[in-house]
Amino acid sequence: MSSIQRNQLTPGDSGVHPGLLIFNKVDAIAAATLSVLREFCGQPDRDRAVLDAVFVSARTGEGLDELFRELWHLLAMIRVYAKEPGKPADLHKPFVVPLGATVADLARQIHRDLPERMRFARLWGHSRFDGQQVHRTEVLQDKDVVEIHE
């Protein structure tokens, strides 16, 4: 897909918006019609760019995983899990932060004074070693687990 993520737009991008066409009830559309729709969305012409589209059926569940992946991509957000020192991470309640957020950004979301009080953080996920000590400027990635020490 070639949609532009929300965080890649600048204020001067007039007329350019992140978007995605969602075709529902694909289980009820004739195969020939579905083929024409897929071809239309995939063929660029001189007046428009390729359209990003997802074909789904709410009834059968077809295409829903792809739809959720594409929406998450367009939102440019990541899920990060917080962990208290000495306790397991709560993997049922992620913090949702913008793509490119740092440990300090997460700390601020937990409590507005926490970034100034924190000494360091430990990271599980994309770090070289699980539990590796990282600085407040460390950029987080989707599904990282962060333990903040005051």
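1. A polar contact, in the sense used in this note, is a pair of N or O atoms within 3.5 Å, where one atom must be able to donate a hydrogen and the other to accept it. With that cut-off in hand, the side chain of T60 qualifies through its approach to the backbone nitrogen of E62, at 3.3 Å. A polar contact of 3.0 Å also joins the side chain of T60 to that of S57. All of this should be read with the reminder that the model is predicted.

2. As to the setting of these contacts, T60 sits in the loop between β2 and α2, the latter covering residues 64–75. Its relative accessible area is 47%, so T60 counts as partly exposed. Although T60 and V26 are 34 residues apart along the chain, their C-alpha atoms are separated by 9.3 Å.

3. Turning to the chain as a whole, the secondary structure amounts to four helices and seven strands, and, read from the N terminus, the elements follow the order β-α-β-α-β-β-α-α-β-β-β. Of the 150 residues, 29% count as buried. Where contacts between residues at least 6 apart in sequence are considered, 53% of them join residues at least 24 apart.

4. Five of the strands form an open sheet with mixed pairing, in the order β4-β3-β7-β5-β6. The edges are taken by β4 (95–98) and β6 (132–134), each of which has a single partner strand, so that one side of each is left without a neighbour in the sheet. On average, and with direction ignored, neighbouring strands of this sheet are turned by 40 degrees against each other.

5. The mixed character of the sheet can be followed at β7, whose residues are 144–149 and which pairs in the parallel sense with β3 (residues 77–83) over four bridges. Within β7, E147 is the bridge partner of K83. The pairing between β7 and β5, by contrast, is antiparallel and extends over five bridges, and here L123 stands opposite V146 of β7. As general background, strands of a sheet pair through backbone hydrogen bonds, either parallel or antiparallel.

6. Is β7 enclosed by the rest of the structure or left open? Six of its six residues are buried, so β7 is largely enclosed by the rest of the structure. The burial applies to both faces of the strand, with D144, V146 and I148 on one side and V145, E147 and H149 on the other. This division agrees with a general pattern: in a regular strand the side chains alternate between the two faces of the sheet.

7. Helix α3, which comprises residues 103–110, lies across β3, β4, β5 (120–124), β6 and β7, and it runs at about 130 degrees to β4. The largest nonpolar core has 15 residues, of which V80, V103, M118, A121, L140, V146 and I148 touch the most other members. At least two residues of this core are supplied by each of β3, α3, β5 and β7, and the largest share, three residues, comes from α3. In soluble globular proteins, nonpolar side chains tend to be buried together.

8. One of these core residues, A121, merits a separate remark on its surroundings. When residues up to four places away in sequence are not counted, A121 touches V103, Q132, Q133, V134, V146, E147 and I148.

9. How many aromatic pairs does the structure hold? There is one, formed by F23 and F55, whose ring centres are 4.9 Å apart and whose planes stand at 10 degrees, so the pair is stacked. The pair links distant parts of the chain, since F23 belongs to strand β1 (residues 21–23) and F55 to strand β2 (residues 53–55), with the two positions 32 residues apart in the numbering. F55 has a relative accessible area of 8% and is therefore buried.

10. Two backbone conformations deserve a reviewer's attention. K25, in the loop between β1 and α1 (31–42), has a positive phi of about 65 degrees although it is not a glycine. K143, in the loop between β6 and β7, likewise has a positive phi, of about 70 degrees, and is not a glycine either. For context, most residues other than glycine have a negative phi. With a relative accessibility of 55%, K25 counts as exposed, whereas K143, at 49%, is partly exposed.

Conventions: Residues are numbered from 1 along each chain as its sequence is written. This is a predicted model: local features need pLDDT of at least 70, side-chain atom pairs count only at pLDDT 80 or more; totals for chains, interfaces and linings use all residues. Side-chain values use heavy atoms; hydrogens and water are left out. Two strands pair if DSSP finds at least two bridges between them. Axes are lines fitted to C-alpha atoms, for helices over the stretch in contact, and angles run from 0 to 180 degrees between N-to-C directions. Contact means heavy atoms within 4.5 Å. A nonpolar core is a set of buried Ala, Val, Leu, Ile, Met, Phe, Trp, Tyr and Cys residues joined through side-chain atoms within 4.5 Å. Buried means under 20% relative accessible area, exposed over 50%, partly exposed in between (1.4 Å probe, protein chains only). Rings of Phe, Tyr and Trp (its six-membered ring) pair if their centres lie within 6.5 Å; planes under 30 degrees apart count as stacked, over 60 as edge-to-face and the rest as tilted.
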